[in-house]
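Trainee: Could you take me through one part of this model in close detail? I would like to look at the empty spaces and what lines them.

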Amino acid sequence: QLDEAGNAGPTFLLKKDPAAQDTTAKKKKYKPKISGLIAMYYQNEFNTNGDSLRDPDGFRLFKARLEVQGMMSEKIGYDIMIDPRTPLHGGLVRDAVLTFSHLKYHTIKVGRQKTPFGWENLLSSAEMLTVNRSEVAEGVGRGDNLRDNGIGIIGRIPINKHFSIDDHFTFTNGTRLDVTGPYDFNSGKAFWGRVGIRYKKKDLKVQLGGSFGEGELRLLGDSLDNPNDDIQMKIHRLGADLQVDHKHFFMAAEYGKGRDLAQDSTEFDEYSSWQALLAVKTKWKVGALVRYEWAGDEWNIPTFGLYYGEPKDRFRAIANYLIRKGVTDVPEGHDDRFYVMVQVRF
């Protein structure tokens, strides 16, 4: 500091106000975190079924997601995710939940969220090793949608140094996602759950789980303005899954069985499906994989692939080749399909 004559005087250090420091720290702690991802893929089909026809190749904006996460207090948080590129209104809002962490080992989630079943459906699509989800995940592993509005509880209970128990349950509307007006009314709800045991030691992690789904679904008929052709369906689902994660490889397998009963019907519709996946890891973050999907006589698909990047990396690339001869909704089967996807997180 300088006095009136311009000479240097003593220097005084100003102490920071503790209250101001505390307020600044809280603002920083509760500041919303904004993240997202962009994924684009190129798809091409090869005329492998002999009918001289194939779908045109092209590029597709696969995902363009924005997510906002934050805490309102020490125990209450929120998570909102949107996907503005979706062509369906019901898919625009992916997640919209309030989280309550008042329990020691569990978090309560209220709002739109995933319904738990199996392994792959609980895995973020941004962390998958394949471009598309399997038939077991998109069929028996969910109701009409993977997400629904309701309340859930998710947790991990430690047993000892190496073992813990995972559990995840949701109680949801049991209707098609984001249907509005009178067509969303449904007296039947849906209850989904998964319970598993986890083992972790050094470079090895093993998970084994069992899943179920019970409740009712309301499937909209052809006339959206006429609820009389809607179908009310009672659903019963069971599943099992296994994952082994090692520094040199990753393998996963899951099985699902469905037993559904439509209204005014006395016969159950029974079906099952399974998938198995094996991926090789390397120190260069490049690996190869093979997956096989089975769903009776209607769906038998091997997938071969290469990938770059670990599941949570900011940049990832995946190439998949699907042998689709075993999709039998057409007599000759479908043409083989090739995907190349690139993904960036921010």
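**The second largest pocket and its surroundings**

Mentor: Happily! The lining of the second largest pocket is a mix of four nonpolar, four polar and two charged residues. Keep in mind that this is a predicted model. The space in this pocket comes to about 230 Å³. Around it you will find Glu135, Gly139, Val140, Tyr271, Ser272, Ser273, Ala295, Gly296, Glu298 and Trp299. With three residues, E12 gives the most to that lining.

Let's follow E12 onward from there. Strand E12 covers 269-280, and the loop between this strand and strand E13 (286-294) holds lysine 285. The backbone deserves a look here: phi of lysine 285 is near 65 degrees, a positive value in a residue other than glycine. That catches the eye because most residues other than glycine have a negative phi. As for its surroundings, lysine 285 has a relative accessible area of 34%, so it counts as partly exposed.

A second lysine makes a good companion to this one. Lysine 202 has a phi near 55 degrees, again a positive value in a residue other than glycine. Its place is the loop that runs between strand E8 (190-201) and strand E9 (204-219). Lysine 202 is exposed, because its relative accessibility is 76% and the cut-off for exposed is over 50%.

Strand E8 also brings us to an enclosed space. The structure holds one cavity of 30 Å³ or more, and about 60 Å³ of space lies in the largest cavity. Twelve residues would be a lot to recite, so here are those closest to its centre, out of the 12 that line it: Gly143, Asn145, Asp148, Trp192 and Leu217. E8 and strand E6 (147-158) each supply at least two residues of this lining. By type, the cavity lining has three nonpolar, six polar and three charged residues.

One last stop uses the numbering of E6, which spans 147-158. Isoleucine 108, in strand E5 (residues 106-114), lies 7.3 Å from isoleucine 151, C-alpha to C-alpha, although the two are 43 residues apart in sequence. Leaving aside neighbours within four places in sequence, isoleucine 108 is in contact with Ile151, Gly152 and Ile153, and also with Leu98, Thr99, Phe100 and Leu103. Is isoleucine 108 buried or exposed? Neither: its relative accessible area is 28%, so isoleucine 108 is partly exposed.

Key: Residues numbered from 1 in each chain as written. Predicted model: local features only at pLDDT ≥ 70, side-chain atom pairs only at ≥ 80, totals over all residues. Heavy atoms only, no water. Helix = DSSP H or I, 4+ residues; strand = E, 2+ residues; numbered from the N terminus. Buried < 20%, exposed > 50% of the residue type's maximum accessible area, 1.4 Å probe, protein only. Contact = heavy atoms within 4.5 Å. 1 Å grid on protein atoms, 1.4 Å probe; cavity = no way out; pocket = protein on both sides within 12 Å on 5 of 7 lines; lining within 4 Å. Points joined across faces, edges and corners; volume = space filled by probe spheres on them. Nonpolar A, V, L, I, M, F, W, Y, C, P; charged D, E, K, R; others polar.
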